[in-house]
Amino acid sequence: MEAGDSVPVYGVQLLDGSVEQIGGEQPVTLLNLWATWCAPCRKEFPDLEALHRELQGDGLRIVAVDIDAEPAETLQHVAADLDLTLTIARDTAGTIQQAYPAVGVPTSFLLSPDGRLVKMWSGIIPADDYAAIRRYVKTATTRQDS
């Protein structure tokens, strides 16, 4: 999957049991694949949470999908421990890594409102890239409002 490619539509289960769609027509979405046992994933969460709190009102949706299908209760504890308000989801089908190829975790995908890949990161998103994400969100949101 390369920048500009259409991304697959995929449903992930939220902790309340509802399903949220990734891909297709959507807000700008930062999809983060992670696992409860992944130390770098936990290290990255404070930066993702800060970005979420800063840009959720500007149209950015962050969805962090646990790839090891932990019970919702376990993920709720992780979210509470890390004071996360971004969207936490589960891949109960266990196939998101086939739809969104990831060699390891964390892996993140920035998705455009029209369902295309903007950028992919294997590993923790570098600190310098957060400014580019902010610019993209502001630009994409301005285009949608026009």
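1. Start with Ile88. In this predicted model, Ile88 touches Leu14, Leu15, Trp34, Phe45, Ala64, Leu75 and Ala79, leaving aside residues up to four places away in sequence. Ile88 also turns up among the residues with the most contacts inside the largest nonpolar core, together with Leu30, Leu33, Ile96 and Tyr100. That core has 46 residues. As general background, nonpolar side chains in soluble globular proteins tend to be buried together.

2. Two of those Ile88 partners, Leu75 and Ala79, bring us to α2 (72–81). Which residues of α2 are buried? They are Ala72, Leu75, Val78 and Ala79. These four sit on the same side of α2, because they cover an arc of only 120° around the axis. For packing partners, look at β3 (28–34), α1 (39–55), β4 and β5: the buried residues of α2 pack against these elements.

3. Now turn the helix around. The face of α2 turned away from its buried side carries Glu73, His77, Ala80 and Asp81, which are exposed.

4. Check the backbone just past this helix. α2 is followed by Asp83, with a positive phi near 55°, and this is a residue other than glycine. Asp83 belongs to the loop that runs between α2 and β5 (87–90). If you are going through torsions anyway, put Asp83 on the list.

5. On the other side of α2, have a look at Ala69, in the loop between β4 (60–66) and α2. Is Ala69 buried, exposed or partly exposed? Ala69 counts as partly exposed because its relative accessibility is 34%. Its contacts, again without residues up to four places away in sequence, are Arg90 and Asp91. As for Ser108, 39 residues separate it from Ala69 in sequence, and the C-alpha to C-alpha distance is 18 Å.

6. One more backbone item: the peptide bond from Val105 to Pro106 is cis, with omega near 0°. Pro106 lies in a loop, the one between α3 (96–99) and β6 (107–111). If your setup handles omega by default, this is the bond to look at.

7. Last, the cysteines. How many disulfides does the structure hold? There is one, and it joins Cys38 to Cys41, with an S to S distance of 2.4 Å. The link is right-handed, with 80° about the S-S bond. Both partners are buried, Cys38 as well as Cys41. For topology building, recall that a disulfide is a covalent bond between the sulfur atoms of two cysteines.

Terms used
Residues are numbered from 1 along each chain as its sequence is written. This is a predicted model: local features need pLDDT of at least 70, side-chain atom pairs count only at pLDDT 80 or more; totals for chains, interfaces and linings use all residues. Side-chain values use heavy atoms; hydrogens and water are left out. Helices (H or I, at least four residues) and strands (E, at least two) are DSSP runs, numbered from the N terminus. A disulfide is a pair of cysteine sulfur atoms within 2.5 Å. Buried means under 20% relative accessible area, exposed over 50%, partly exposed in between (1.4 Å probe, protein chains only). Contact means heavy atoms within 4.5 Å. A nonpolar core is a set of buried Ala, Val, Leu, Ile, Met, Phe, Trp, Tyr and Cys residues joined through side-chain atoms within 4.5 Å. The arc is that of the directions from the helix axis to the C-beta atoms.
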